[in-house]
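Let's take a friendly walk through a protein model, one feature at a time. Keep the picture open beside you as you read.

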Amino acid sequence: MAPAVEERTALDLDAAVTAVTAAALRPGPLGRVGLELEAHLVDLDAPAVRVSWTRVTAVLQSLPPLPGGSRVTLEPGGQVELSGPPVPDAGSAVAALRADRAVVAAVLAGARLGLAPVGTDPLRPPARVCPAPRYRAMERHFAAVGCGRPGTAMMTATASLQVNLDAGPPGGWSRRVALAHQLGPVLVAVSACSPLLGGSTTGRRSSRQHVWGALDQARCGPLLGGADPAGEWAAYALSAPVMLVHDPDTGQAEPVLTRTSFADWVTGAGPLAGRRPTEADLDYHLSTLFPPVRPRGYLEIRYLDAAPEPWWPALAAVTAALLDDPVAADA
């Protein structure tokens with residue numbers, strides 16, 4: 001089937017800005033919570049060795065439908081991620097994700113595999129096991145822009161608890177996004193549980209946060225918390241360097257080895273792949289941006305280390321309360 005016409009039409013700069021701004025924050029009431037929890041996959045009989053991609057994908061193919069509706073995906077280092085759907089409150093989100101995690105853990109245990117939900121891989125050095133072209137291209141881009149080691153560590157040796165919250169009414173967007181950034185140091189500190197990375201003590205409570213801080217801040221740094229967060233996100237996205245050019249027909253990904261912003265690609269100042277970008281290219285570019293608070297219609301809160309029981313449920317509840325409860329937020 002031929003690709004849709006609109007996906008093949010080159011963007012102009014105004015259209016790109018309008019598209020990102022319109023999709024950044026979705027008006028609505030507050031209250032719903034979605035959780036995503038990552039964990040390092042461990043071979044219980046050989047914990048110092050990474051689990052092969054073929055082995056873990058074969059095991060996960062045997063998963064039954066999960067009671068809480070979570071989606072199970074794998075990160076490039078073999079980390080297992082459970083992504084729960086949005087539900088009415090933090091308690092419901094925790095209960096659903098906990099039930100799904102128990103099912104996944106039982107299936108993995110039957111194959112002598114375990115889950116370690118901590119911020120960084122404490123034992124094994126960073127190494128990619130996923131063969132997907134996207135992650136090969138990401139590694140090459142990070143190396144080309146001078147952050148190859150933290151780039152590989154981020155992809156393959158970190159794990160997080162992500163809390164997704166509704167954007168809320170438009171009149172409160174500026175304060176809400178600013179508050180999410182103001183809470184960042186508190187959330188990093190209260191969740192910090194990654195003093196080890198690759199078999200060594202790093203001297204930090206959250207080695208995960210240190211890894212993220214060493215990455216390209218044009219891609220992973222915070223927004224500035226201005227009066228127009230949707231417009232600010234559009235400016236951030238268009239200024240960020242393009243990481244790779246994805247071919248939706250073949251699934252291949254060509255790394256971009258220069259610091260070429262998406263705006264430069266749109267205007268022709270920085271030509272890539274012999275063509276101008278399309279709306280599909282813009283959508284893909286947005287998926288390669290990782291600020292600690294990412295607008296995706298809702299807010300992705302990305303500060304938190306993954307943590308074991310009983311801590312991740314408490315971290316999820318505290319994060320939701322600090323952002324959604326006016327009394328807690330004011331305090």
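How many cavities of 30 Å³ or more does a search of the whole structure find? The answer is two. Please keep in mind that this is a predicted model, and then let's look at both cavities in turn.

**The two cavities**

The table puts their volumes and linings next to each other.

| Cavity | Volume | Lining residues | Make-up of the lining |
|---|---|---|---|
| Largest | About 40 Å³ | V33, G34, L35, S70, G84, P85, A93, A96 and L97 | six nonpolar, three polar, no charged |
| Second largest | About 30 Å³ | L41, R50, V51, G77, G78 and R124 | two nonpolar, two polar, two charged |

Which elements each supply at least two residues of the lining of the largest cavity? They are strand β1 and helix α4, the latter spanning residues 90-110. Charged residues are absent from this lining, whereas the lining of the second largest cavity has two of them.

**Strand β1 and its partners**

Strand β1 covers residues 33-43, and 11 of its 11 residues are buried. Let's see which strands pair with it.

With strand β5 (residues 160-165), β1 forms five bridges in the antiparallel sense. One place to find this pairing is L37, which stands opposite L161 of β5.

Strand β3, made of residues 80-83, is also an antiparallel partner of β1, and here there are four bridges. Look for E38, whose bridge partner in β3 is E81.

Strand β4 (residues 113-116) runs antiparallel to β1 too, and four bridges join them. In this case you can pick out V42 with its bridge partner G114.

**A tryptophan beside the strand**

Now move along the chain to W312, a residue of helix α14 (residues 311-324). Is W312 buried or exposed? W312 counts as buried because its relative accessible area is 0%, and the cut-off for buried is under 20%.

Which residues does W312 touch, if we leave aside neighbours within four places in sequence? Its contacts are L35, L37, V94, L97, R98, L161 and A307. You have already met some of these names: L35 and L97 help line the largest cavity, while L37 and L161 face one another in the pairing of β1 with β5. W312 and L37 are 275 residues apart along the chain, yet their C-alpha atoms are separated by 8.4 Å.

**Some backbone details**

Just ahead of that helix, there is a cis peptide bond to find. It joins E309 and P310, and its omega is about 0 degrees. P310 sits in the loop between β11 (299-305) and α14.

Two other loop residues deserve a look for their phi angles. R112 is in the loop between α4 and β4, and its phi is positive, near 60 degrees, although R112 is not a glycine. A273, in the loop between α12 (262-267) and α13 (279-286), is also a residue other than glycine with a positive phi, here about 55 degrees.

How do R112 and A273 fare in terms of accessible area: what is the class of each? R112 is partly exposed, because its relative accessible area is 41%. A273 is exposed, because its value is 58% and the cut-off for exposed is over 50%.

Note on methods: Residues are numbered from 1 along each chain as its sequence is written. This is a predicted model: local features need pLDDT of at least 70, side-chain atom pairs count only at pLDDT 80 or more; totals for chains, interfaces and linings use all residues. Side-chain values use heavy atoms; hydrogens and water are left out. Buried means under 20% relative accessible area, exposed over 50%, partly exposed in between (1.4 Å probe, protein chains only). Two strands pair if DSSP finds at least two bridges between them. Contact means heavy atoms within 4.5 Å. On a 1 Å grid over the protein atoms alone, a cavity is a set of points where a 1.4 Å probe fits but cannot get out, and a pocket is an open set with protein on both sides within 12 Å along at least five of seven lines; lining residues have an atom within 4 Å of a point. Grid points are joined across faces, edges and corners, and a volume is the space filled by probe spheres set on the points. Ala, Val, Leu, Ile, Met, Phe, Trp, Tyr, Cys and Pro count as nonpolar, Asp, Glu, Lys and Arg as charged, and the others, Gly among them, as polar.
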